[in-house]
Amino acid sequence: SGQVEPKIERVKFGDILKKLDSEFRGNAQAKQLELVIEPSTDIVRTDPNLLMQALRSLLSNAIRYTENGTVTVRSAREDDVLRIKVCDTGIGIADDQLADIFDEFYRVDYDPAGRYAGLGLGLTIVDRIVKLLDVRLNVESKVGRGSCFSLSVPAAIETI
């Protein structure tokens with residue numbers, strides 16, 4: 001609603017990863033999924049609360065839509081950005097649905113058993129957050145093989 005103003009600061013990305021690991025490890029274990037969160041020493045320039053909210057939503061979806069296999073969070077420095085990837089071995093998204101997944105209340109239509117409850121707002125919120133933060137968001141997905149969402153967050157010059 002235009003009420004949120006990002007508070008950009010230097011953030012140790014490794015601290016965000018530790019929080020994500022603490023919050024989601026139990027969810028992944030309950031579904032017998034392997035959760036891999038690779039450590040990072042990078043520092044980013046962002047609003048830590050908004051970035052955390054976006055990553056929570058992506059990680060929650062990855063775990064929700066993965067029945068077996070792995071959910072991975074990794075990052076790599078690419079010039080002046082940190083590319084953060086949340087990937088899974090879940091149900092994937094059909095090419096013809098990729099353009100719609102960020103729309104409010106949109107849910108993929110190949111869940112006949114109704115196993116994946118949700119309102120269809122998680123990715124809408126992620127999309128709005130990345131626009132607020134001026135972060136680039138990409139998605140690659142194959143039905144039956146999984147999805148990979150990547151965020152390109154401005155990186156600080158130094159690492160820790």
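This report describes helix α1, the β4–β5 hairpin and the disulfide of a predicted model.

Helix α1 runs over residues 13-30, and because its 18 residues at 1.5 Å a residue should span 26 Å, the 26 Å between its end C-alpha atoms agrees with that expectation. The helix nevertheless has a kink of about 40°, centred on Phe-24, and Phe-24 is also one of the buried residues of α1, together with Phe-13, Gly-14, Ile-16, Leu-17, Leu-20 and Ala-28. These buried residues pack against the strands β1 (9-12), β2 (34-37), β3 (42-46), β4 (70-78) and β5 (81-88), as well as against α2 (48-64). Just after the helix, Gln-32 takes a positive phi of about 60°.

Strand β5, one of the packing partners of α1, is mostly covered, with seven of its eight residues buried. It pairs with β4 in the antiparallel sense over eight bridges, and within this pairing Ile-84 of β5 is the bridge partner of Ser-75. The hairpin of β4 and β5 has two residues between the strands, and Asp-79 in this hairpin takes a positive phi near 55°.

The two positive phi values are set side by side below.

| Residue | Location | Phi |
|---|---|---|
| Gln-32 | just after α1 | about 60° |
| Asp-79 | hairpin of β4 and β5 | near 55° |

The structure holds one disulfide, which joins Cys-87 to Cys-148 with an S to S distance of 2.1 Å. The pair links distant parts of the chain, since Cys-87 lies in strand β5 and Cys-148 in strand β7 (residues 146-159), 61 residues apart. Both Cys-87 and Cys-148 are buried.

How values were computed. Residues are numbered from 1 along each chain as its sequence is written. This is a predicted model: local features need pLDDT of at least 70, side-chain atom pairs count only at pLDDT 80 or more; totals for chains, interfaces and linings use all residues. Side-chain values use heavy atoms; hydrogens and water are left out. Helices (H or I, at least four residues) and strands (E, at least two) are DSSP runs, numbered from the N terminus. The expected span of a helix is 1.5 Å times one less than its number of residues. The bend at a residue is the angle between axes fitted to the seven residues ending there and the seven starting there. Buried means under 20% relative accessible area, exposed over 50%, partly exposed in between (1.4 Å probe, protein chains only). Contact means heavy atoms within 4.5 Å. A disulfide is a pair of cysteine sulfur atoms within 2.5 Å. Two strands pair if DSSP finds at least two bridges between them.
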